[in-house]
Amino acid sequence: MMIEIENDWLKVGIASNGAEVRSVKHKKNGLDYMWTGDSAYWGRVSPVLFPIVGRLKEDRYELNGKVYEMSQHGFLRDVVFEVQEQTAVDVSFVFESAGRYLDVYPYEFKAIIRYTLNEESLVVQWEIVNENKEEMYFSIGAHPAFRLPLLENETIEDYRLNFTPAENTSVMEYELKNSLIHEKGDASDISTIPLTHSLFENDALVYSNIDKITLESNQSSHGVEVMFEGFPFVGIWSKYIEADHTMAPFVCIEPWYGIADTSNTTGNLKEKFGVNVLESGETFRVEYKMKFK
């Protein structure tokens with residue numbers, strides 16, 4: 001089922017499967033900003049990653065003496081949410097685990113995902129409720145993919161990514177090897193990265209302590225701002241096509257509360273790099289915002 005919300009600027013389509021944003025159309029400039037989900041490149045558009053972000057080492061983890069298997073990015077992106085509340089400009093979706101995933105994730109939880117339009121911006125809010133009598137360990141992340149180029153007379157290489165680091169905090173860069181995280185070093189001087197077809201040849205770019213990334217064109221005033229102050233990590237990715245050495249026609253800007261396993265992980269979920277801990281009965285709340293220009 002597809003749910004639509006709209007205001008004077010934007011019309012947004014969200015699928016109940018995964019509570020995934022599938023389209024964002026600007027009513028004043030006529031542009032559709034989201035990737036199409038063409039499976040020839042990548043069949044998703046804007047999945048929510050939970051209860052892990054990225055890949056686990058050997059696709060497994062250990063918790064309280066038991067080993068569990070889980071594929072990359074977890075399972076929330078593939079569940080069907082129910083609409084909790086809806087108005088013309090906002091909608092909230094809810095999913096309750098109700099014992100259905102205990103074989104891969106031994107916690108009961110409730111996930112609420114809320115989308116709210118504010119002029120040219122879409123605000124995304126997450127709530128994760130720990131419904132256990134013990135603390136819960138988890139990660140959560142966004143994976144929105146933006147269509148490139150936005151205009152027919154542009155190319156991918158007309159675009160750049162502008163970075164706004166968090167104040168008074170060093171920016172760290174990480175690299176992926178075999179889908180696992182390795183610390184690359186300090187990147188506090190990062191400001192702009194031009195998009196090129198070879199940029200993602202070695203997989204995603206990953207940073208900590210960034211508050212905003214802006215996707216901008218050199219040829220027009222159109223683009224996307226993704227604002228995620230306080231998020232510990234952000235990934236940037238597109239599918240690299242080895243056959244012709246090109247980048248797929250989209251780029252993902254992914255704010256994360258969590259990250260893939262490191263190569264030297266113990267495998268214990270409680271010791272996982274970047275994992276979040278939520279006390280019994282407590283609620284984790286966070287939001288990010290996308291502005292479409």
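This is a conversation about reading strands, sheets, turns and single residues in a predicted model.

Biologist: Let's start with sheets. What holds the strands of a sheet together?

Modeller: Strands of a sheet pair through backbone hydrogen bonds, and the pairing is either parallel or antiparallel. Here, one open sheet has three strands in the order β1-β2-β3, paired in the antiparallel sense. On average, neighbouring strands of this sheet are turned by 20° against each other, direction ignored.

Biologist: Which strands of that sheet stand at the edges, and why is one side of each left without a neighbour?

Modeller: The edges are β1 (2-6) and β3 (20-26); each has a single partner strand, so one side of each has no neighbour in the sheet. Strand β2, residues 10-15, pairs with β3 over six bridges, antiparallel. To find one of these pairings on screen, look at valine 12, whose bridge partner in β3 is valine 24.

Biologist: What is the strand order in the nine-stranded sheet?

Modeller: Follow β7-β8-β9-β10-β26-β20-β19-β14-β17; this sheet is also open, with antiparallel pairing. Its edge strands are β7 (82-86) and β17 (192-194), and each of them pairs on one side only. From one strand to the next, the twist averages 15°.

Biologist: How many bridges join β10 and β20 to β26?

Modeller: Strand β10, residues 121-130, is joined to β26 by nine bridges and runs antiparallel to it. Strand β20, residues 223-227, pairs with β26 over four bridges, again antiparallel. Lysine 289 of β26 is a handy landmark: valine 123 has lysine 289 as its bridge partner, and methionine 227 stands opposite lysine 289 as well. Further along the sheet, β14 and strand β19 (residues 210-217) run antiparallel and are joined by seven bridges. One pairing to look for there is proline 165 with isoleucine 210 in β19.

Biologist: Now the side chains. Which residues of β26 lie on its covered face, and which on its uncovered one?

Modeller: In strand β26 (residues 283-292), the covered face holds Phe284, Val286, Tyr288, Met290 and Phe292. The uncovered face holds Thr283, Arg285, Glu287, Lys289 and Lys291. Strand β5, residues 60-63, also has alternating side chains. Tyr61 and Leu63 point to one face and are buried, whereas Arg60 and Glu62 point to the other and are not.

Biologist: Where does β5 go next, and what is in the turn?

Modeller: β5 and β6 form a hairpin with two residues between them. Strand β6 covers residues 66-69, and four bridges join it to β5 in the antiparallel sense. Leucine 63 stands opposite lysine 66. In the turn, asparagine 64 has a positive phi of about 50°.

Biologist: Which residues other than glycine also have a positive phi?

Modeller: Glutamate 58 is one of them, with phi of about 60°. Glutamate 58 lies in the loop between β4 and β5, and its relative accessible area is 60%, so it counts as exposed. Another is serine 179, with phi near 70°. Serine 179 sits in the loop between β15 (172-177) and β16 (180-186). With a relative accessible area of 22%, serine 179 is partly exposed.

Biologist: Where should I look for cis peptide bonds?

Modeller: Look at the bond joining phenylalanine 50 and proline 51, where omega is about 5°. Proline 51 is in the loop between β4 (48-49) and β5. Another cis bond runs from leucine 148 to proline 149, with omega near -15°. Proline 149 is in the loop between β13 (145-147) and β14 (159-165).

Biologist: Let's finish with one residue. Is serine 208 buried or exposed?

Modeller: Buried: buried means under 20% relative accessible area, and serine 208 has 5%. Serine 208 belongs to strand β18, residues 205-208.

Biologist: Which residues are in contact with serine 208, leaving aside neighbours within four places in sequence?

Modeller: Those residues are Ser170, Val171, Met172, Tyr174, Pro232 and Phe233. Next along the chain, asparagine 209 has a side chain that makes a polar contact of 3.4 Å with the side chain of serine 208.

How values were computed:
Residues numbered from 1 in each chain as written. Predicted model: local features only at pLDDT ≥ 70, side-chain atom pairs only at ≥ 80, totals over all residues. Heavy atoms only, no water. Buried < 20%, exposed > 50% of the residue type's maximum accessible area, 1.4 Å probe, protein only. Polar contact = N/O pair within 3.5 Å; in protein donor to acceptor, adjacent residues only side chain to side chain. Contact = heavy atoms within 4.5 Å. Pairing = 2+ DSSP bridges. Axes fitted to C-alpha atoms, helices over the stretch in contact; angles between N-to-C directions.
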